[in-house]
Amino acid sequence: MTSADTLTPELDVLRRIFGYDAFRGDQEAIISHVVSGGDALVLMPTGGGKSLCYQIPALVREGVGVVISPLIALMQDQVDALRNLGVRAGFLNSTQDGQQRREVEDAFVNGELDLLYLAPERLRLESTTRLLDRGRVSLFAIDEAHCVSQWGHDFRPDYLALSDLHERWPDIPRIALTATATKATHAEIAQRLNLGDAKHFVASFDRPNIQYRIVPKNSAQKQLLDLLRTEHPGDAGIVYCLSRASVEKTAEFLVQNGIPAVPYHAGLDSRVRARNQSRFLREDGLIVVATIAFGMGIDKPDVRFVAHLDLPKSVEGYYQETGRAGRDGLPSTAWLAYGLADVVQQRKMIETSEGDLAHRRRLSAHLDAMLALCETVECRRVQLLNYFSQEGKACGNCDTCLTPPESWDGTVPAQKLLSTVFRLDRERNQKFGAGQVIDILLGKQTEKITQFRHDQLKVFGIGTELNDSEWRGVVRQLLAQGLLAVEGDYGTLALTEASADVLGRTRQVMLRREPERTRQPRTRKPA
Ligand code: ADP
Ligand code: ZN
């Protein structure tokens with residue numbers, strides 16, 4: 001008998017109940033660790049197969065596996081899916097009435113459940129802890145564990161209460177799972193959840209079948225349409241927009257252009273939202289245009305593209321959202337269009353956000369990392385993996401690998417631009433946004449130029465070697481490099497400490513040349 005034939009209880013459950021032949025990646029090691037009573041912290045990308053890591057131990061161990069999940073809207077679906085496999089599952093959350101709750105509670109106490117899904121806020125209730133004491137718990141699974149991290153991008157205060165699990169039930173194994181964690185978030189999860197003795201399982205975050213592309217935005221909707229028509233006709237996909245209004249406009253725009261699309265955001269009636277979500281899951285080739293409210297826990301294997309029409313707020317968010325593409329392992333596209341206005345808008349949102357200085361600094365650091373990813377001349381995948389403290393080689397399947405961007409010495413244009421900002425401030429005591437500064441550099445005779453007599457400035461017309469869109473690229477990249485800042489309600493430009501080095505000619509500025517066309521060829525350019 002070879003070892004492959006040894007039928008462990010875990011493997012038996014995998015085959016008999018879930019209908020799969022073999023474990024993937026670390027699944028087997030994680031499952032046997034938890035089955036034998038150990039704590040585990042699991043970092044595995046979306047689609048990696050995290051659910052089985054707690055579902056199988058819950059079935060193998062004596063008692064009920066308690067799963068803490070913030071995804072209230074999905075609990076019903078998750079439980080239905082398990083019941084279809086013959087697993088005895090139930091959930092407790094705020095959407096139920098008293099009668100429904102009591103039935104689930106009774107089933108739990110009588111040991112008639114394998115898995116019980118709980119919303120995190122329920123654990124704060126004394127009645128819940130009393131209930132858990134009355135039944136037999138086989139393990140605690142903490143899904144979306146990054147929600148406990150204040151450093152991360154998706155903090156939920158209710159998750160902080162989960163640190164008590166260990167004190168209250170020291171003998172029950174805990175498994176925390178997340179699809180996104182930098183080194184800092186990873187450490188914070190372990191600390192806040194009291195997982196000092198837990199074994200850490202960290203899978204590779206590479207998603208080789210996803211092609212990452214980030215393009216300068218000029219007309220986002222048209223660029224999107226072009227992408228869909230040329231590369232993804234008839235494909236299912238997700239389009240992310242920042243605001244509810246742009247979600248609705250974009251969905252309408254696609255429909256008008258003959259592409260089936262539905263909107264999804266938190267402002268829609270919950271029935272409409274549920275209907276659009278289930279249509280997306282069930283129908284072929286439907287596009288959902290959504291805010292980031294959409295997607296956590298969505299398991300649709302054949303999402304062929306994820307498009308961002310606005311800049312995500314963090315690399316973690318970007319990674320998680322793009323990770324919803326290509327769970328089936330087939331080639332998929334992660335496409336992002338971003339422009340100067342995104343940077344201005346997000347800086348403004350950070351400035352006016354609630355919370356203390358430390359919080360705003362954190363948001364700012366998240367944005368800076370995202371901008372660095374956008375403006376890199378290196379492989380996007382390597383940059384992404386490095387962000388999660390993992391190594392990678394140039395991948396050959398991202399825009400910068402396929403069409404290596406040229407970098408050019410932009411020191412002189414940078415000096416011209418910065419000195420225009422400097423002169424406006426010094427000589428006129430004025431601050432202006434990128435549009436006006438660029439018009440001054442280009443020597444344009446607009447009404448606003450005449451009104452402010454900007455044609456009298458010494459720098460008027462000194463930048464005609466670049467055109468308007470090239471200058472916008474310069475501004476964007478200077479912002480990304482911290483050599484320029486935007487301020488206030490109108491997104492006016494201001495110098496930073498580092499600007500002085502450029503103006504003082506002690507610092508060279510390397511810039512990335514804007515691609516002429518926004519569509520990337522699928523193959524390498526002939527030399
Ligand atoms: P995650 O929670 O990590 O995003 P899921 O647990 O939803 O991922 O799993 C992703 C998909 O992979 C699901 O459709 C799941 O059924 C499937 N899957 C998980 N483990 C295996 C396995 N060992 N063999 C085949 N398919 C698997
Ligand atoms: Zn690459």
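This short talk goes through two helix pairs, the surroundings of a ligand, and one loop residue in a predicted model.

Let me begin with the first helix pair, helix 2, which covers residues 27-35, and helix 3, which covers residues 51-60. Their axes come within 9 Å of each other and cross at roughly 40°, and since angles of 35 to 65 degrees fall outside the parallel and perpendicular classes, helix 2 and helix 3 are therefore described as oblique to each other. The crossing in which helix 2 passes helix 3 is right-handed. On the side of helix 2, the residues that make the contact are Gln27, Ile30, Ile31, Val34 and Val35, and these meet Leu52, Cys53, Ile56, Pro57 and Val60 of helix 3. If we sort the residues of this contact by character, we find 9 nonpolar and 1 polar, with no charged residue among them.

Let me turn now to the second pair, much further along the numbering, where helix 17, residues 411-428, packs against helix 18, residues 434-442. Here the axes lie 10 Å apart and the angle is about 115°, which makes helix 17 roughly perpendicular to helix 18. Helix 17, too, passes its partner, helix 18, in a right-handed crossing. The contact draws on Lys416, Leu417, Thr420 and Val421 from helix 17, and on Val437, Ile440 and Leu441 from helix 18. In this contact the residues divide into 5 nonpolar, 1 polar and 1 charged.

Next, the ligand. Which residues are the closest to ligand 1? They are Tyr20, Arg24, Gly49, Lys50 and Ser51, out of the 15 residues that surround ligand 1. Taken as a whole, the shell around ligand 1 is mixed in character, with 5 nonpolar, 6 polar and 4 charged residues.

Finally, I would like to look at a single position, Ala266, which sits in the loop that runs between strand 10, residues 261-264, and helix 11, residues 270-282. Is Ala266 buried or exposed? Ala266 is exposed, because 12 other C-beta atoms lie within 10 Å, and a residue counts as exposed at 12 or fewer. Even so, Ala266 has partners from elsewhere in the chain: once its neighbours within four places in sequence are left aside, Ala266 is in contact with Thr291 and Ala293. One further distance may be worth having in mind as you look at the model, namely that the C-alpha atoms of Ala266 and Arg244, which stand 22 residues apart along the chain, are separated by 8.1 Å.

Note on methods: Residues numbered from 1 in each chain as written. Chains lettered and ligands numbered in written order. Predicted model: local features only at pLDDT ≥ 70, side-chain atom pairs only at ≥ 80, totals over all residues. Helix = DSSP H or I, 4+ residues; strand = E, 2+ residues; numbered from the N terminus. Buried ≥ 20, exposed ≤ 12 C-beta atoms within 10 Å, placed from the backbone. Contact = placed C-beta atoms within 7 Å. Near = placed C-beta within 6 Å. Nonpolar A, V, L, I, M, F, W, Y, C, P; charged D, E, K, R; others polar. Axes fitted to C-alpha atoms, helices over the stretch in contact; angles between N-to-C directions. Parallel < 35°, antiparallel > 145°, perpendicular 65-115°, else oblique. Left-handed = near helix turned anticlockwise from the far one by under 90°.
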